[in-house]
Every structure is written in structure tokens, then in C-alpha cells.
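Q: Before I read a new model on my own, could you take me through a few of its features step by step? I would like the general idea in each case, followed by the example.

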Amino acid sequence: LENGRLSTMSTIDKVIQNYLYREMESSHQKWSLENAPGSEQFKILELEILNDRNEPQIDFLSSQEIRIRLTYANLGDTDAYTHGFNLYNNFDIHILSSHDLTSDQLKGNNSDGVFCRIIVIQGGLLSEGNYNFSFAIMKYSPFTVLFHELNLGGFSVIDDLHIEGYEFKIP
């Protein structure tokens with residue numbers, strides 16, 4: 001059902017497949033520099049939510065690895081900075097934060113350019129539910145948030161189902 005109307009009539013597998021693919025386009029977003037989220041100094045150019053084969057996906061089994069690839073532009077020379085990732089559940093409760101402590105950008109004297117970061121969430125870490133995330137760039141000395149983009153993207157986690165006589169597969 002969609003908006004009170006029957007949207008797909010087929011076998012269970014086909015209906016599930018159509019449901020899961022209906023929002024697949026939101027697993028990849030691309031922005032032009034003019035309308036990209038971020039700040040004057042940093043702009044997010046592209047967001048991809050991927051599976052462990054680097055294929056676009058937004059619905060994951062709880063045992064699957066989730067990869068989030070963010071491409072951003074540094075629009076000018078900057079001092080040392082790093083990246084932060086925050087994960088929230090469907091009630092906007094903060095689940096975890098991760099700061100990139102091995103970033104080359106922490107060494108300082110950073111020139112402008114386009115950079116990519118990949119956040120990996122190991123399979124088995126998250127329980128079933130819907131999640132959204134934010135991305136930030138900050139300095140540590142003194143601690144300063146250069147930008148923090150909330151609700152940048154989201155995905156769903158589905159518990160692995162083991163029902164006798166039926167095998168559940170995400171396409």
C-alpha cells in the first residue's frame with residue numbers, strides 16, 4: 001500500500017523487492033558546489049550508502065557491513081582538522097560517535113582539494129531499526145566545530161530472519 005492505494009500486487013518476493021528498491025535512489029546523493037551542505041570552508045559534494053561490495057543500498061540485514069562514503073571539498077588552506085560521524089536511531093537518540101584519529105588532515109597545513117572518507121559499521125553492531133547520521137569537521141586545539149550537518153542521510157537495519165520454509169533475501 002502507498003497513500004492508501006495498492007501499489008504492487010505480486011508474489012511475496014516481488015512485493016518485498018519493490019518495497020526495498022523504492023527508495024534506493026536515496027542511497028546516493030550528489031550536490032553542486034553552489035548548493036552543497038557544509039560551511040564556507042567545507043562542502044559535502046557526494047554521499048553514498050553502500051554494502052560491502054560497494055553497491056548502493058539503504059536496507060541492510062543486521063549481519064551486513066554498512067559503508068558510508070562522503071566526498072567533500074576543502075575550499076582553502078586550513079590548519080589541522082578531522083572528521084566526525086554521529087549515528088542516531090529513529091527516536092533521534094544518539095547511538096555512537098566516531099572521530100577520525102588517523103586522518104592526514106590532523107597533521108596541519110592542509111591545502112584546498114576534494115577528499116573522501118569512508119565510515120564502516122561492522123555487521124552485528126546495530127539492532128533492527130531506522131538510523132540517520134550526521135557528519136562534522138572539527139579542530140581539536142582548541143576544540144572548534146567547523147561544521148556539523150545533521151540528518152545527512154539514513155538507512156534501515158532488518159534483523160536476519162530465519163523462518164522455517166521461507167528464506168528472506170534483500171535484493
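Q: Where is the place of E65?
A: Bear in mind throughout that this is a predicted model. E65 is placed in the loop between β3 and β4, the latter being the strand of residues 66-74.

Q: Is E65 buried or exposed?
A: The general idea is to compare the relative accessibility with a cut-off, and buried means under 20%. E65 has a relative accessibility of 16%, and therefore counts as buried.

Q: Which residues does E65 touch, leaving aside residues up to four places away in sequence?
A: With those left aside, E65 touches L50, N51, D52, F60, V120, I121, Q122 and G123. Within the excluded stretch there is still a side-chain interaction to note, for a polar contact of 2.6 Å joins E65 to R67.

Q: In what order do the strands of the four-stranded open sheet follow one another?
A: For a sheet, one reads the order of the strands, then the sense of pairing, then the edges. Here the order is β1-β2-β4-β7 and the pairing is antiparallel. At the edges stand β1 (28-30) and β7 (113-121), each of which pairs on one side only. On average, and with direction ignored, neighbouring strands of this sheet are turned by 20° against each other. Inside the sheet, strand β2 (residues 42-50) and β4 are paired in the antiparallel sense over eight bridges, and E46 stands opposite T71 of β4.

Q: What is the order of the five strands in the other open sheet?
A: The order is β3-β9-β8-β5-β6, and in this sheet the pairing is mixed. Its edge strands, each pairing on one side only, are β3 (59-61) and β6 (94-99), while the twist from one strand to the next averages 30°. The parallel sense is found between β3 and strand β9 (residues 143-158), which pair over three bridges, with I158 of β9 as the bridge partner of L61. The antiparallel sense is found between β8 and β9, paired over eleven bridges, where F133 has G153 of β9 as its bridge partner; a hairpin of two residues joins these strands. On the other side, β5 and β8 run antiparallel and are joined by eight bridges, N86 having S134 in β8 as its partner.

Q: Why is β8 described as largely enclosed by the rest of the structure?
A: One counts the buried residues along the strand: nine of the twelve residues of β8 are buried, so the strand is largely enclosed.

Q: How is the pair of rings of F85 and F133 to be described?
A: A pair of aromatic rings is described by the distance of the centres and the angle of the planes. A search of the whole structure gives eleven aromatic pairs. For F85 and F133 the centres are 5.5 Å apart and the planes stand at 35°, so the pair is tilted. Because F85 lies in strand β5 (residues 82-89) and F133 in strand β8 (residues 129-140), the pair ties together parts 48 residues apart in sequence. Both F85 and F133 are buried.

Q: Which residues touch the most other members of the largest nonpolar core?
A: Among its 28 residues, these are I66, I68, F133 and F155. The elements giving two or more residues to this core are β2, β4, β5, β7, β8 and β9. With residues up to four places away in sequence not counted, I66 touches I49, L50, F60, I119, V120, I121, L126, F155 and V157.

Terms used
Residues numbered from 1 in each chain as written. Predicted model: local features only at pLDDT ≥ 70, side-chain atom pairs only at ≥ 80, totals over all residues. Heavy atoms only, no water. Pairing = 2+ DSSP bridges. Axes fitted to C-alpha atoms, helices over the stretch in contact; angles between N-to-C directions. Phe/Tyr/Trp six-rings, centres within 6.5 Å; stacked < 30°, edge-to-face > 60°. Buried < 20%, exposed > 50% of the residue type's maximum accessible area, 1.4 Å probe, protein only. Polar contact = N/O pair within 3.5 Å; in protein donor to acceptor, adjacent residues only side chain to side chain. Contact = heavy atoms within 4.5 Å. Core = buried A, V, L, I, M, F, W, Y, C linked by side-chain atoms within 4.5 Å.
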